[in-house]
Amino acid sequence: MRAMTYRGPYKVRVEDKDLPSIEHPNDAIVRVTMGAICGSDLHLYHGLMPDTRVGHTFGHEFIGVVHEVGGSVRNLQVGDRVMVPFNIFCGSCFYCARGLYSNCHNVNANATAVGAIYGYSHTAGGYDGGQAEYVRVPFADVGPVLIPEWMDDEDAVMLTDALPTGYFGAQLGDIAEGDTVLVFGAGPVGLFAAKSAWLMGAGRVVVVDHLDYRLDKAREFAHAETFNFVEYDDIVVEMKKQTDHLGFDVAIDAVGAEADGNLLMHVTSAKLKMQGGSPVALNWAIDSVRKGATISVMGAYGPLFSAVKFGDAVNKGLTLRMNQCPVKRQWPRLFEHVQSGYLKPSDIITHRIPLEHIAEGYHLFSAKLDGCIKPLILPSAA
Amino acid sequence: MPYTPHKPPLAETTEQLRARIPGWGADLDPQDRPSTPKLDLREDLTGAHWEFPERQPESRPRERSLEHAFLTPVFGTAQPTRGLSGAIRKVAYERYSEARAAHWLLLIAADRVDAVEAHVGSLARLRPDNPVTETGVQAELTHRGLSSRLGRKRADVHHQALDPFLVAGPFIAAAGAAVAARSLIRGAGRD
């Protein structure tokens, strides 16, 4: 089969690989019909995530058709069209039994702090991902679900990570009616977080980024007010001015490990790998909210330490909430919102790239060329 | 103002927001949001028909975190450890828990060694890595590389100049390793 493979920082290529096989009785093999590159894939692509091995196939956002099932699989059949959450999870461990699928303890031998994620390094379990023609899907009875007849394929792909994560970001903000909500990052997760904040009753939603084309999208798609931080000497002071110097009630970090806005922070983390991530957006969030506020962290960070301003967080009495999104738990409510038309996740897709051209896809997404917000990947066998 | 008791008023009323934004307030009640209440035990186990899953066979020794009691019942089998990078990774897993910086710093070091090994290997297998096609830099020509940056207020253009050095680093290291290996072999041949 053809599959994207990692060759080292900033380098990927498409290779012939063996078809994945059933390695556990509850495995399925899924033929991928559509995938996507996630902003968090860029952390792998840039060599930021420890134990990202040459030859690894990335990709945790994908849908497909069941090609083969293991002996104990009851809920899926060959030929079923399925959407697969980015989390790999067993359904029965302490965490899964309580709905914390992203924290599953039975699937990641390499680390206890993180669950398992398709194609997201050995730190996230060492499973090849879905930027390929076929992928191994463990616990087929637990994770995947049939794509509803009424749902577009492109919406289904966006429901495997980006939309649930954005919604989860707003949800962890514990937004109450009339709250002022500040979202850092106008990428897919930030756009969905901003949009979801309104569903939860926000009174004002502000999005901060440095890419004007994405801020345009935040105004149009997410009905948000926008600020380009490059235009301000100090974006925190501007955010204070915007709230009559009180600060926001809720902030959402939808940027994560490669945040810009402070060259030293960015270079020491994203380029030199001396921090688990550049905490610029998180520190701005800490300083831009009011005392007693809630900060929700949806941006992905590596496991190493980062220079986070905990002193300010302590002294302001902040609540910091964060997790990888337990995607399947979000689905029933999000399916309702997509069906009712409140959310149309495929509206943010900007590029559709054949798998064979995935290296260009990574580059244009990474370098933010051509107005790229969300690139889909189309396998040749689809 | 934080200097007085009341929150600043919002520019729009609830009615105005509901009229302007589709779905405004649909999940106003926390009960309508997923996972409410938190941490409720899900008796159906979301489709799992086991309390502890059947174990995946361990066909070759699999590294695991020291913080795990045992090898997880299911694990990834992609890219098993090999070469010098594999040896470094094994040390990271066998000696240091996730709590130790040494664990992660060794894994990051192994990643860099892995890239050099891969580039040397690609030369040996006569399928050398191609820095042009593999970096996808052609997208600069096909997807408005210049106009996407010029005249834009972008914070990232200041450090994107560093990227070619990050790309070239393993190639330079691989070339150095190849030259050193050749010298060693030739030296050994003369002894």
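**Cysteines of chain A.** I began with the sulfur of C90(A) in this predicted model, and found that its closest cysteine sulfur, in C104(A), lies 3.6 Å away, which is too far for a bond. The cut-off I applied for a disulfide is a pair of cysteine sulfur atoms within 2.5 Å, so I entered C104(A) as being in no disulfide, with the sulfur of C90(A) as its nearest cysteine sulfur. I then looked up the accessibility of both residues: C90(A) is buried at 0% relative accessibility, and C104(A) is likewise counted as buried, at 2%. Taken over all chains, the count of disulfides comes to 0.

**Two helices in chain A.** Next I turned to helix α6 (residues 235-242) and helix α8 (residues 280-288) of chain A, whose axes come within 9 Å and cross at roughly 35 degrees. I noted the crossing of α6(A) past α8(A) as right-handed. Which residues meet here? From α6(A) I listed I235(A), V236(A), M239(A) and K240(A), and opposite them in α8(A) I listed W284(A), D287(A) and S288(A). Sorted by character, the residues of this contact divide into 4 nonpolar, 1 polar and 2 charged.

**Positive phi outside glycine.** I looked up two aspartates of chain A for their backbone angles. D51(A) is not a glycine, yet has a positive phi of about 65 degrees; I placed D51(A) in the loop between α1 (41-45) and β4 (61-69) of chain A, where its relative accessibility of 0% counts as buried. D174(A) also has a positive phi, near 50 degrees, in a residue other than glycine, and sits in the loop between α3 (162-172) and β10 (180-184) of chain A. Is D174(A) buried or partly exposed? At 47% relative accessibility, I recorded D174(A) as partly exposed, whereas D51(A) went down as buried.

**A glycine in α9(A).** I found G311(A) in helix α9 (residues 310-315) of chain A, partly exposed with a relative accessible area of 40%. I also checked G311(A) against H357(A), which is 46 residues apart from it along the chain, and the separation of their C-alpha atoms is 46 Å.

**Confidence in chain B.** Last, I looked up how sure the predictor is of chain B, and noted a mean pLDDT of 90, with 96% of the residues of chain B reaching 70 or more. Where in chain B is confidence lowest, and where is it highest? The lowest is in helix α6 (residues 163-190) of chain B, at a mean of 76, and the highest is in helix α2 (residues 83-95) of chain B, at 98.

Conventions:
Residues are numbered from 1 along each chain as its sequence is written. Chains are lettered from A and ligands numbered from 1 in the order in which they are written. This is a predicted model: local features need pLDDT of at least 70, side-chain atom pairs count only at pLDDT 80 or more; totals for chains, interfaces and linings use all residues. Side-chain values use heavy atoms; hydrogens and water are left out. pLDDT is the predictor's confidence in each residue, from 0 to 100. Helices (H or I, at least four residues) and strands (E, at least two) are DSSP runs, numbered from the N terminus. Buried means under 20% relative accessible area, exposed over 50%, partly exposed in between (1.4 Å probe, protein chains only). Axes are lines fitted to C-alpha atoms, for helices over the stretch in contact, and angles run from 0 to 180 degrees between N-to-C directions. A crossing is left-handed if the near helix is turned anticlockwise from the far one by less than a right angle, and right-handed if clockwise. Contact means heavy atoms within 4.5 Å. Ala, Val, Leu, Ile, Met, Phe, Trp, Tyr, Cys and Pro count as nonpolar, Asp, Glu, Lys and Arg as charged, and the others, Gly among them, as polar.
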